[in-house]
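User: Could you take a close look at one part of this model for me? I'd like a single connected walk-through rather than a list.
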Amino acid sequence: MEKEKEDRFRKLIQKTGPDKTSPDFTGMLMKNIQMETEQALERAAVLETILTKLQPETPSPLFRKTIMTQIALAEKKAEQPIVSRKVWYLVAATAVLIIGFCVLGQSDTAVEGAPNFFVKIDQELFKLQEGMMVLPMIYPAVVFALSTLIMADYFVRQRVVRN
């Protein structure tokens with residue numbers, strides 16, 4: 001059956017024969033190519049003419065001066081520290097008071113005679129101390145290192161701003 005189909009197909013191809021182009025096919029094709037080329041050249045010439053007529057826009061001298069003034073003003077603006085000087089003084093005073101209270105404070109035997117306020121503070125500080133003893137040693141070390149870096153940054157920035 002396959003062979004029969006193939007024979008029919010061959011007979012049909014022989015009857016129809018190869019496609020024949022018109023005698024002026026090549027001439028028409030070359031003419032179209034030449035027209036497309038001429039149009040492309042014309043477009044390129046028009047585009048080149050338009051581009052040469054257009055000059056790039058330049059900003060006025062006043063515009064440039066205004067922008068440069070704004071940049072100069074932005075550079076002069078001093079950076080404000082995150083933590084102000086008053087807060088650092090307050091932190092230092094609090095640290096001195098706590099250390100002074102611990103060093104110069106009364107001994108444990110005199111707790112009965114202390115005012116109720118100091119007894120409560122002593123109890124709260126003791127609870128805080130117990131809570132800190134449970135934490136791994138790395139936590140206080142990290143907090144201390146970060147605090148030191150922040151203070152160093154603050155003082156370096158203050159020195160740079162002064163100079």
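Is leucine 149 buried or exposed, and what is its relative accessible area?

Analyst: Keep in mind that this is a predicted model. Leucine 149 is exposed: its relative accessible area comes to 58%, and the cut-off for that label is over 50%. You'll find leucine 149 in helix H6, which spans residues 138–162. It also belongs to a nonpolar surface patch of about 590 Å², made by Leu135, Ile138, Tyr139, Val142, Leu146 and Leu149.

Now for the aromatic side chains. Helix H6 also holds tyrosine 154, and that residue is buried, with a relative accessible area of just 7%. The structure has 2 aromatic pairs. In one of them, the ring centres of tryptophan 88 and tyrosine 154 sit 5.6 Å apart with their planes at 45°, so the pair counts as tilted. Tryptophan 88 comes from helix H4 (residues 85–104) while tyrosine 154 is in helix H6, so this pair ties together parts 66 residues apart in sequence. Both tryptophan 88 and tyrosine 154 are buried.

Tyrosine 154 also pairs with phenylalanine 155, and here the geometry is edge-to-face, at 5.4 Å centre to centre and 70° between the planes. Phenylalanine 155 is partly exposed, with a relative accessible area of 47%. Put the ring pairs together and you get a cluster of Trp88, Tyr154 and Phe155.

So much for the rings; back to your residue: leucine 149 is exposed and helps make the nonpolar patch, whereas tyrosine 154 is buried.

Definitions and conventions: Residues are numbered from 1 along each chain as its sequence is written. This is a predicted model: local features need pLDDT of at least 70, side-chain atom pairs count only at pLDDT 80 or more; totals for chains, interfaces and linings use all residues. Side-chain values use heavy atoms; hydrogens and water are left out. Patches are made of residues with over 30% relative accessible area and no salt bridge: like charges are joined within 9 Å, nonpolar side chains (Val, Leu, Ile, Met, Phe, Trp, Tyr) within 5 Å. Accessible areas come from the Shrake-Rupley method with a 1.4 Å probe; for residues, only the protein chains shown count as cover. A salt bridge is a side-chain nitrogen of Lys or Arg within 4 Å of a carboxyl oxygen of Asp or Glu. Helices (H or I, at least four residues) and strands (E, at least two) are DSSP runs, numbered from the N terminus. Buried means under 20% relative accessible area, exposed over 50%, partly exposed in between (1.4 Å probe, protein chains only). Rings of Phe, Tyr and Trp (its six-membered ring) pair if their centres lie within 6.5 Å; planes under 30 degrees apart count as stacked, over 60 as edge-to-face and the rest as tilted.
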